[in-house]
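The exercises below are to be worked with the sequence and the three-dimensional structure at hand. Each task is followed by a solution in steps.

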Amino acid sequence: MAKQQFDNPDLTPFKGPAGGWGSLRSVAEILPRERVSPEAVRELVRQNKPDGFACVSCAWPKPADHHPAEFCEEGAKATAWELTGYRTTPEFFAKHTLTELRSWSDYALEQHGRLTHPLRYDAATDRYVACAWDEAFDTIAAALKPLDPKSVVFYASGRASLETSYMYGLMARMFGNQNLPDSSNMCHESTSVGLKAAIGVPVGTTQLRDFEVCDLVMIFGHNIGSNAPRMLHPLRSARKRGCEVIAVNPLRERGLERFTDPQNPVEMTLLKESNIATQFIQVKAGGDLAVMMGIAKYLVEWDDAALTAGSPAVLDHDFIAEHTHGFDAFVAKVRGAEWPAIEAEAGVPLAEIEAAARRYAKARAVMAVYGMGLTQHVKGVENVRMLVNLLLMRGNIGKPGAGPTPVRGHSNVQGQRTVGITEKTELVPVAKLKAQFGFDPPTEKGLDTVETCRGVIDGSVKAVIGLGGNFLRAVPETAAMEAAWPKLDVSVQIATKLNRNHLFAGRVTYLLPCLGRIERDVQASGEQAVSVEDSTSCIHGSRGKASPASPHLLSEPAIVGALAKRLLPPNPRIDWDAWVGDYALIRDAIEETYPEIFPDFNARMFTPGGFWKGNKAAERIWLTKSGKAEFLAPEGLSATGFADADRRFRLMTLRSNDQFNTTVYGYHDRFRGVKGTRDVLFINRADMAEMQLAEGQIVALESDAGDGVARRRDGLIVHAYDIPRGCLGAYYPECNVLMPVEHHADESHVPAAKSVPVRLVA
Ligand SMILES: Nc1nc2c(c(=O)[nH]1)N[C@H]1C(S)=C(S)[C@@H](COP(=O)(O)OP(=O)(O)OC[C@H]3O[C@@H](n4cnc5c(=O)[nH]c(N)nc54)[C@H](O)[C@@H]3O)O[C@H]1N2
Ligand SMILES: Nc1nc2c(c(=O)[nH]1)N[C@H]1C(S)=C(S)[C@@H](COP(=O)(O)OP(=O)(O)OC[C@H]3O[C@@H](n4cnc5c(=O)[nH]c(N)nc54)[C@H](O)[C@@H]3O)O[C@H]1N2
Ligand SMILES: [Mo]
């Protein structure tokens, strides 16, 4: 395969809108580059339609009244990536040792195409060799059985369907642990912990229809144009009705500013753009607590004045009295916060925070949309709770057009948690599982992602099974993790394409290739469908129709079922083969375990727009300890978790417009004006001057975590950018080497990837 060359980096600011012709051009480029067949191009049109397949990219909801083509640039890239014409065959592995492949880029590895055969690692030749499926399952089960169940980890990427995830979680529990970290542990776990404590549910309370009636949307730390582009449609419609949008972000991301609908011929020909944000607050990385505290303080001051003057209150006192707990302590904290400290920590003039507070105070219904810019901080959980505090102050939860709207990452990451992929016992219907399957589910807390990393490094984790994902590349402390991985007894990865994790072997190592969601999945009872849950708790069926990349692939349920059957003692209540033969039976089992969420699951799975699983907080029923929604005040004003020091920068690790997590589609980040490279260091011009750096100069970053561990990333190109002083931006996963394992959100353990303490070395 011809490797694309990227030796002419170009860093010219991008002037266009999100979407628009650039978006169509980008799609038009990737389809031939991936040698996608005409059949596969036809598949694009079925994306996110009621009888189509659920896009494998983001978790944004799929509307019932869909577009003629309900896909975006990113979804098209993800589809092209899966339906690529390229293949990575046993002949490829005969030519390349793992040692050699470790010098390849993430892009080159995945770009080589779909895996075609089950593979066993042969240590003698340092190569993967083709093997039979039965051999793989027998050997893996035999290697796992003698291990202490507590030393085995079952990782899952949030892409796996509800059916696969349910089977996988059950397999782990029957084996004897709930070491079930998933990508949520690196992502929205701060949401799951923060929202649960504050409003009693771990998920957002809004649905698509709320965009039709809200009159203010606040967007904190989410890059819509790249990471959930289909959200630009409801946002633009909301703007057209006069709804205001406040974006809070250290970067002026293009999708937060301007958008042209690539599927609207009139807009495209007239080059018409919609402005998205009515106000932009360029917060410092980690400064959101201060912005939110400032807004809260203005509201409290205005409310005091209004009550004194006998005018209408600014806060919703009726709602606060009836529905909340902890208000007085929270307000005391707000009153105690000092304006100069708020301004310094936010990094923006108070006038801007005041303007945002004015907008908030006059809005009837407010949606608070947010992403990794809030969750991936040491105080990520406090960020989420502070956002809830703001909403509660004016009763903005549980009414049309209002509520927290976390934008989940993977297309089924929320659903996995719903059906048991969790390390936390309180999220599992233990008694139900016991009654249904006649075993005692473990109740000892399992390992999350950070704990798994610790365990791999200290040797207490002996085996890792990965259901998708590129764990070793996505986690922090990648150098120490790569060094420790070969100590594993068992390393098994279930994947569609080769990635860096696969290049690190344990004693027994298998790489098992699976069908993607877009592909036809035929089992004993005929063609199968699967299901996923989107960011707004709507559950959708998904039917793949494309021809499988290879005749030797198995589906994810088939792989999990075959392994479970060999790993676990026979259980008369589970017939793994029957489940694999007919996924409707898995859905029946899911319905039996979670009857409130999945009534008539099989009958309803293809409901247009999905079926809603319900949300008590949206009905103002608060499943918290106090039975009320909780005001929970943050301790301080900074979310970074470390002290400022001279020349200590806050590094934000970012996604480009040309990647899906660790999957690199290409080397352009169009909206940020980057072409042909990922080795960019975004830095404020004044910081450059102070450090005497020139545009284009090559520098390194070093860890400044104060833990004595040397961590370094070389070869970064200095690029002056509109970014707050003291903050740096660079791409994930290449910078994960700079992140300490212990630099994570306090309660949720989400790695704090949006404020990594670093020093710049010229
Ligand atoms: N095309 C594409 N789509 C994706 C993904 C992908 O990689 N590619 N990944 C999927 C996944 S798993 C996820 S979790 C989501 C991720 O989607 P996002 O939540 O958008 O995550 P990021 O791109 O990491 O960065 C989020 C934004 O946070 C801003 N930010 C950084 N630090 C701060 C801060 O301290 N405060 C504030 N207010 N903002 C900050 C950054 O400037 C950036 O705009 O997208 C999903 N969708
Ligand atoms: N520094 C830093 N680190 C981060 C983040 C950050 O913002 N900054 N973000 C974090 C977040 S939010 C997340 S979610 C993680 C995600 O990190 P990843 O683990 O990278 O996420 P995935 O996209 O799941 O993994 C991609 C791999 O999944 C496999 N795959 C693709 N499709 C399928 C399929 O259908 N089935 C199976 N079995 N495998 C498949 C392919 O082999 C591909 O190589 O990274 C986290 N790490
Ligand atoms: Mo994510």
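## Exercise 1: The open sheet

The open sheet consists of 6 strands with mixed pairing, and their order is E6-E5-E18-E17-E16-E7. The model in which these exercises are set is a predicted one.

**Task.** Determine which strands stand at the edges of this sheet, and why one side of each is left without a neighbour.

**Solution.**

Step 1. Begin with the ends of the strand order, E6-E5-E18-E17-E16-E7. The edge positions belong to strand E6 (127–130) and strand E7 (152–156).

Step 2. Each of these two strands has a single partner strand, so one of its sides has no neighbour in the sheet.

Step 3. Add the geometry: from one strand to the next, the twist averages 20°.

Step 4. Examine one pairing within the sheet. Strand E16 (residues 463–467) and strand E17 (residues 490–495) run parallel and are joined by 5 bridges. Glycine 466 has glutamine 493, in E17, as its bridge partner.

## Exercise 2: The surroundings of ligand 1

**Task.** Establish which residues come nearest to ligand 1, and between which domains the ligand lies.

**Solution.**

Step 1. List the nearest residues. The 30 residues around ligand 1 include Glu253, Gly286, Asp288, Gln659 and Asn661, which come nearest.

Step 2. Sort the shell by class: 11 of its residues are nonpolar, 14 are polar and 5 are charged.

Step 3. Assign the shell to secondary structure. At least two residues come from each of helix H10 (224–227), helix H19 (372–375), strand E25 (649–654) and strand E26 (659–660).

Step 4. Assign the shell to domains. Ligand 1 lies between domain 2 (189–407) and domain 3 (649–761), because both give residues to its shell.

Step 5. Inspect individual polar contacts. Oxygen atoms of ligand 1 are approached by side chains: a polar atom of arginine 655 lies 2.8 Å from one, and a polar atom of lysine 754 also lies 2.8 Å from an oxygen atom. For glycine 221, a backbone N or O atom lies 3.3 Å from a nitrogen atom of the ligand.

Step 6. Evaluate the cover. On its own, ligand 1 has 920 Å² of accessible area, and the protein covers 99% of it.

## Exercise 3: The surroundings of ligand 2

**Task.** Describe the shell around ligand 2 and state which domains it draws on.

**Solution.**

Step 1. Of the 33 residues around ligand 2, the nearest are Asn499, Glu556, Thr662, Tyr732 and Asn736.

Step 2. The shell comprises 13 nonpolar, 14 polar and 6 charged residues.

Step 3. Domain 1 (87–187 + 412–599) and domain 3 (649–761) each contribute at least three residues to the shell.

Step 4. Three polar contacts may now be located. A side-chain N or O atom of tyrosine 732 is 2.7 Å from an oxygen atom of ligand 2. For glutamate 110, a side-chain N or O atom is 2.8 Å from an oxygen atom of the ligand. Glycine 469 places a polar backbone atom 3.1 Å from an oxygen atom of ligand 2.

Step 5. Taken alone, ligand 2 exposes 930 Å², of which the protein buries 98%.

## Exercise 4: Backbone details

**Task.** Identify which residue is joined to tyrosine 732 by a cis peptide bond, and state where serine 537 lies.

**Solution.**

Step 1. The cis bond joins tyrosine 732 to proline 733, with omega at about 5°. Proline 733 is located in the loop between strand E32 (727–731) and strand E33 (756–761).

Step 2. Serine 537 belongs to the loop between strand E21 (530–533) and strand E22 (538–542). Its phi is near 65°, a positive value in a residue other than glycine.

Note on methods. Residues are numbered from 1 along each chain as its sequence is written. Chains are lettered from A and ligands numbered from 1 in the order in which they are written. This is a predicted model: local features need pLDDT of at least 70, side-chain atom pairs count only at pLDDT 80 or more; totals for chains, interfaces and linings use all residues. Side-chain values use heavy atoms; hydrogens and water are left out. A residue is near a molecule or strand if one of its heavy atoms lies within 4 Å of it. A polar contact is a pair of N or O atoms within 3.5 Å; within protein, one must be able to donate a hydrogen and the other to accept it, and residues adjacent in sequence count only if both atoms are side-chain atoms. Accessible areas come from the Shrake-Rupley method with a 1.4 Å probe; for residues, only the protein chains shown count as cover. Helices (H or I, at least four residues) and strands (E, at least two) are DSSP runs, numbered from the N terminus. Ala, Val, Leu, Ile, Met, Phe, Trp, Tyr, Cys and Pro count as nonpolar, Asp, Glu, Lys and Arg as charged, and the others, Gly among them, as polar. Domain bounds come from an automatic or database domain assignment. Two strands pair if DSSP finds at least two bridges between them. Axes are lines fitted to C-alpha atoms, for helices over the stretch in contact, and angles run from 0 to 180 degrees between N-to-C directions.
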